[in-house]
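Please walk me through this structure step by step, starting from the terms needed to read it.

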Amino acid sequence: MNLERLINEFTELVAIESESGNELTFAKELKRRFEALGFTMSFDDAADHVPSNSGNLYGIRQGEPERRPIIFSCHMDTVTPGVGIKPQIKADRITSDGTTILASDDKAPIASLIEAIRSLDEENAELGTIELVFSVGEEVGMHGARHFDVSRLQGKTMFVLDSSGTPGKAIVQAPTAARIKATITGRAAHAGLQPEKGISAISVMSEAITAMPLLRIDQETTANVGTITGGSATNIVAEQCEATFEARSLQKDKLDRQVAAMVEALETACRKHDATLDYEVNTSYPPLLVSQDSPAVKLFKEAAESLGLTPTFSATGGGSDANIYAEKGLEVLIPACGMSDAHSVNEYILLDDLESLAQLVRAIITTA
Ligand SMILES: [Zn+2]
């Protein structure tokens, strides 16, 4: 392991912009870098089907046939502002210059993968087959992962390297989420002359929202009203009002119950005031629940313990590519990758965490 080389790799990768939808330049650079490490790299046809100029990038390097093939997955896209990232190497951490994100989400794991494999090759280590899946559009709805054909994979055990937290931790549970878009139509009337002839869509929506269970529902479930718009002028009883909501839960049945309660609140208010309700519910991603005896958990534990780390497992509040791959039948685990304050201009990664992430990736490869 060469920390300086790892830091260089990381700072080079974050300087290549790859905001969601515009991953191609970065993807080509990754292809080149992993080909130099002996991987066969290819793009799928996701660019024709999802909002990105690049396909997902898949890589494989055959290894010892008696070892378990393992898959690493990272996303290539970043949130905004992710153009012109100038990484600042400080005493104990790397930050952006404060005007952009740092993109340690998700390039710290990618740099760590490169350093882990490169350093193992320098030691002529005998390794198993390694597969790589670099997705597009994760940050804007896991578009690439949804499109990716997992039947081309040789392995079944996948480490989705995409989570905050100190290396040694891992995520085994992630929620399912639903979005609701509701439009209430009342009746317009002159607010001063004949207000009794109107049905205020805004008032009806307010009543529905007031009656709705929202925010923290229980340990595993949350809900929120995100946006509300409606009406046209102060002197007109509002004919229309539109609101968007979300709900999340670690349990599918709890999510279903929560969504039903939200819809019920909307329906009740509309019925009472003779307004019309139109709504749609979209489930954004499936839940993730990894069993403690999954091969990914066992392998991760063994790898972490070999480095003297204490493996710990917890739940997260957001979805990622892992939710999608798990639903497609892969045995996934999301190791913590050290990234901190991701999705903000304050994002940083501690040098210690970057180093132990690369060591952990090495240990996962050699333990498999
Ligand atoms: Zn991420």
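Strands are DSSP runs of type E with at least two residues, numbered from the N terminus. With that in hand, the largest pocket can be described by the elements around it. Strand β9 supplies the largest share of the lining of the largest pocket, namely three residues. The model is a predicted one.

Before the details, an overview of the protein. It contains nine helices and 18 strands. Its C-alpha atoms fill a box of roughly 85 × 45 × 40 Å along the principal axes. The protein has 368 residues, and buried residues make up 50% of them. Among the contacts with a separation of 6 or more, 78% are between residues 24 or more positions apart.

Back to the pocket. The largest pocket has a volume of about 620 Å³. It is lined by 28 residues, and the closest to its centre are E138, E139, G318, G319 and H343. The elements that give two or more residues to this lining are β8, β9 (176-185), β12 (240-249) and β13 (276-285). Sorted by class, the lining of the largest pocket holds ten nonpolar, ten polar and eight charged residues.

The protein also has an enclosed space. The count comes to one cavity of 30 Å³ or more. The largest cavity has a volume of about 30 Å³. Its lining is made up of T78, V79, I101, A103, D105, E139, H343 and E347. By class, these are three nonpolar, two polar and three charged residues. Two of the names have come up before: E139 and H343 line the cavity, and E139 and H343 are also among the residues closest to the centre of the largest pocket.

D105, another residue of the cavity lining, leads to the metal site. Which protein atoms are the donors of the zinc ion? They are NE2 of H75, OD of D105 and OD of D162, lying 2.0 to 2.1 Å from the zinc ion. In sequence, the donor residues follow the spacing H-x29-D-x56-D. D105 belongs to helix α3 (residues 104-122), whereas D162 sits in the loop between β7 (157-160) and β8 (169-174), so the pair ties together parts that are 57 residues apart in sequence.

Are the two aspartates D105 and D162 buried or exposed? The cut-off for buried is under 20% relative accessible area. D105 has a relative accessibility of 7%, so D105 counts as buried. D162 has a relative accessible area of 12% and therefore is buried as well.

D105 also takes part in an item of backbone geometry. The peptide bond joining D105 and D106 is cis, with omega about 20 degrees. D106 lies in helix α3. Another cis peptide bond runs from T80 to P81, where omega is near -10 degrees. P81 is found in the loop between β3 (70-75) and β4 (88-89).

Other items of backbone geometry concern phi. D341 is not a glycine, yet has a positive phi of about 50 degrees. D341 lies in the loop between β17 (339-340) and β18 (348-350). H343 lies in the loop between β17 and β18 too. H343 has a positive phi of about 65 degrees, although H343 is not a glycine either. How accessible are D341 and H343? Partly exposed covers relative accessible areas between the 20% limit for buried and the 50% limit for exposed. D341, with a relative accessible area of 46%, is therefore partly exposed. H343, at 45% relative accessibility, counts as partly exposed.

One more residue completes the walk. R61 lies in strand β2, which covers residues 57-61. At 15% relative accessibility, R61 falls under the cut-off and so counts as buried. Where does the side chain of R61 reach? It comes to 2.9 Å from the backbone oxygen of L37. Leaving aside residues up to four places away in sequence, R61 touches L37, G38, F39, I117, D121, L127, G128, T129 and I130. L37 thus appears both in the contact list of R61 and as the residue whose backbone oxygen the side chain of R61 reaches.

Key
Residues numbered from 1 in each chain as written. Predicted model: local features only at pLDDT ≥ 70, side-chain atom pairs only at ≥ 80, totals over all residues. Heavy atoms only, no water. Helix = DSSP H or I, 4+ residues; strand = E, 2+ residues; numbered from the N terminus. Buried < 20%, exposed > 50% of the residue type's maximum accessible area, 1.4 Å probe, protein only. Polar contact = N/O pair within 3.5 Å; in protein donor to acceptor, adjacent residues only side chain to side chain. Contact = heavy atoms within 4.5 Å. Donors = N, O, S within 2.8 Å, 3.2 Å for Na, K, Ca; no water. 1 Å grid on protein atoms, 1.4 Å probe; cavity = no way out; pocket = protein on both sides within 12 Å on 5 of 7 lines; lining within 4 Å. Points joined across faces, edges and corners; volume = space filled by probe spheres on them. Nonpolar A, V, L, I, M, F, W, Y, C, P; charged D, E, K, R; others polar.
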